[in-house]
Amino acid sequence: MSLLDIFAWIVLVVLVFSMIAVVVFLAMLPGMIARKRNHPWVEAVAAGGWVTFILGFVLWPAVLIWAFVDWPAKPRLGSGGEATAP
């Protein structure tokens, strides 16, 4: 093997590991966002991220949106401490 072949193999290995790291990061991203935003269903959003990873990221955008939206909305407290309508 020449030096060029060895360099090509090193580049290939680095690219494969980088691709794996990006895919794992994308699978973890909805759960990390939900945890940071104190989502009421953090575990479900995180599990949804990993399930979409297994299924080929088909529903990953829906899980990502779910990480940002906490529905039903939490009631806001008014000035007197009572719950007000949103």
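These notebook entries follow what I looked up about one helix and one group of aromatic rings.

**Helix 1**

I began with helix 1 in this predicted model, and I noted that it covers residues 3-36, which makes 34 residues. From its first C-alpha to its last I found a reach of 47 Å, close to the 50 Å expected at 1.5 Å a residue.

I then looked for a bend, and I found one of about 40 degrees at Met28, with a proline, Pro30, following within four residues. Just after helix 1, I wrote down that Asn38 takes a positive phi of about 55 degrees.

Which residues of helix 1 are buried? I listed Ala27, Leu29, Pro30, Gly31, Ile33 and Ala34, and I saw that what covers them includes helix 2 (42-54) and helix 3 (60-68).

**Aromatic rings**

Next I turned to the aromatic pairs, of which the structure holds four. For Phe53 and Phe57 I noted ring centres 6.0 Å apart and planes at 70 degrees, so I entered this pair as edge-to-face. The pair of Phe57 and Trp60 is also edge-to-face, with 6.3 Å centre to centre and 75 degrees between the planes.

Are these residues buried or partly exposed? I recorded Phe53 as partly exposed, with a relative accessible area of 30%, and Phe57 as partly exposed too, with 25%. Trp60 has 16% relative accessibility, and because buried means under 20%, I counted Trp60 as buried.

My last entry is that Trp50, Phe53, Phe57 and Trp60 form one aromatic cluster.

Definitions and conventions: Residues are numbered from 1 along each chain as its sequence is written. This is a predicted model: local features need pLDDT of at least 70, side-chain atom pairs count only at pLDDT 80 or more; totals for chains, interfaces and linings use all residues. Side-chain values use heavy atoms; hydrogens and water are left out. Helices (H or I, at least four residues) and strands (E, at least two) are DSSP runs, numbered from the N terminus. The expected span of a helix is 1.5 Å times one less than its number of residues. The bend at a residue is the angle between axes fitted to the seven residues ending there and the seven starting there. Buried means under 20% relative accessible area, exposed over 50%, partly exposed in between (1.4 Å probe, protein chains only). Contact means heavy atoms within 4.5 Å. Rings of Phe, Tyr and Trp (its six-membered ring) pair if their centres lie within 6.5 Å; planes under 30 degrees apart count as stacked, over 60 as edge-to-face and the rest as tilted.
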